[in-house]
Amino acid sequence: MKAKKYFAAAAGAALAISLAACSGEGAGSEEESTTGATTGTESTESSAPSEGGLVGVAMPTQTSERWIADGDAVKAGLEEAGYEVDLQFANDDIPTQGQQVDQMITNGAEALIIAAIDGTALASQLDAAAAAGIPVISYDRLIRDSENVDFYVTFDNYQVGVQQATSLLVGLGVLDKDGNETGETGPFNVELFAGSPDDNNATFFWNGAIDTLQPYLDAGTLVVPSGQTDFEQAAILRWQQETAQKRMEDLLTGTYVGTDMTVDGVLSPYDGLSRGIITALQNNGYEGTVTDGFPAVSGQDAEIASVKLIADDVQFATIFKDTRKLAAQAITATEAYLEGTEPEANNTTDYDNGVKVVPSFLLESDIVYADNIESLLVDSGYWTAEEVASGVAE
Ligand code: BGC
């Protein structure tokens, strides 16, 4: 048993209240975004009663809304449940994140919730955590190459990739929104992007997407004119928008410009990359809406700028992963450990971190198209109608 302390059952009731409170909170709640963005570090002193002890929460970056929303939701929920929270963002800098986790351990954290920048870079911190009996919950991204990861909360990442590819096929008109083939056989010119190679999720997204696209590539319905079909060629280090824009520009210059070929669609695994790709396409003369022939670009995270682009029919789709549900799951797991029990897993086979299969709790995601923005994102309180209209989080 790793938990060092046992806590009152009242924490469970407090948690229920906190989750209800969290669920009304939008993804763009940016309380932290202005305070920590410039330094990349942020300590959060809790005013809530801290009889539950200190929990360290390490998030990768504030450059993407989702991680701000994740951090906010985890912090709020834990504080409601009576814990003190040390929330840190690391500006996507690996040494910074290592130092932050070291500091949490030094400060006496009773549990750690970590969304790693580089899934392989935290081994020494995890050894120290294990030595101190601190349970470690890997948040959204699997921490690799360490025995000392106790639990993993995430979405079904392979399925996210399937959904990304499905949305691309819908955008091209090969599938309808129910997933049925329309009989459309193209051929369509597509280019493929993958996420950061040091993020374990990137391979899951890619595998789900490629398994879905492969029959259409084999049949010639889809063609990749650049020939860049390997993960290594498609990967974008640290999920950087500018890198994706540059790669798309290079693909256009190297393969399309000066020919009569045009791009029909792009597999993109994250909204930030999607916006870089869209900018590159627009800079190269592609214009208008998807309905008018602008290439169909997929995405992930339902970032507000992309949701507006989808509403405007410029980006075709994104994948909605409700960070409030993920935060709630992380809190449930943390409480289980700190109450001396094991959290409930719903997957004990798929997430091998190189040393062991980490018991996992997987959540489901949804494809967002223009016509279900309201039902998925607005009605659930994730974004307001005003935010969708402006493309800016309030
Ligand atoms: C997350 C995605 C996110 C990406 C870039 C991945 O690990 O699962 O939701 O788009 O990182 O931040």
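**Notebook: strand β4 and the ligand site**

Started with Leu112 and looked up its bridge partner in β4, which is Val136. Worth noting up front that I'm working from a predicted model.

Next I checked how the two strands run. β3 (residues 111-114) and β4 are parallel, with three bridges joining them. I then followed the chain from one to the other: it leaves β3, passes through helix α5 (residues 123-131) and arrives at β4, and this β-α-β crossover is right-handed.

Then I looked at the other neighbour of β4. Strand β5 (residues 151-155) is also joined to β4 by three bridges, and these two run parallel. Here I found Tyr139 standing opposite Val153 of β5.

Which way do the side chains of β4 (residues 136-139) point? I see Val136 and Ser138 on one side, Ile137 and Tyr139 on the other. I also checked whether they are buried or exposed, and all four residues are buried.

Moved on to the ligand. I listed the residues around it, and among them are Asp140 and Arg141, along with Trp67, Phe205, Trp239 and Tyr270. The list also includes Arg66, Asp199, Asn201, Gln300, Asp301 and Lys321.

I picked out three polar contacts to ligand oxygen atoms:

- Asp199 has a polar side-chain atom 2.5 Å from a ligand oxygen.
- For Arg141, I get 2.7 Å between a side-chain N or O atom and an oxygen of the ligand.
- For Asn201, a side-chain N or O atom sits 3.0 Å from a ligand oxygen.

Last entry: how much of the ligand does the protein bury? Alone, the ligand exposes 310 Å², and the protein buries 98% of that.

Definitions and conventions. Residues are numbered from 1 along each chain as its sequence is written. This is a predicted model: local features need pLDDT of at least 70, side-chain atom pairs count only at pLDDT 80 or more; totals for chains, interfaces and linings use all residues. Side-chain values use heavy atoms; hydrogens and water are left out. Buried means under 20% relative accessible area, exposed over 50%, partly exposed in between (1.4 Å probe, protein chains only). Two strands pair if DSSP finds at least two bridges between them. A crossover is right-handed if, with the strands pointing away from the viewer, the path from the first strand over the helix to the second runs clockwise. A residue is near a molecule or strand if one of its heavy atoms lies within 4 Å of it. A polar contact is a pair of N or O atoms within 3.5 Å; within protein, one must be able to donate a hydrogen and the other to accept it, and residues adjacent in sequence count only if both atoms are side-chain atoms. Accessible areas come from the Shrake-Rupley method with a 1.4 Å probe; for residues, only the protein chains shown count as cover.
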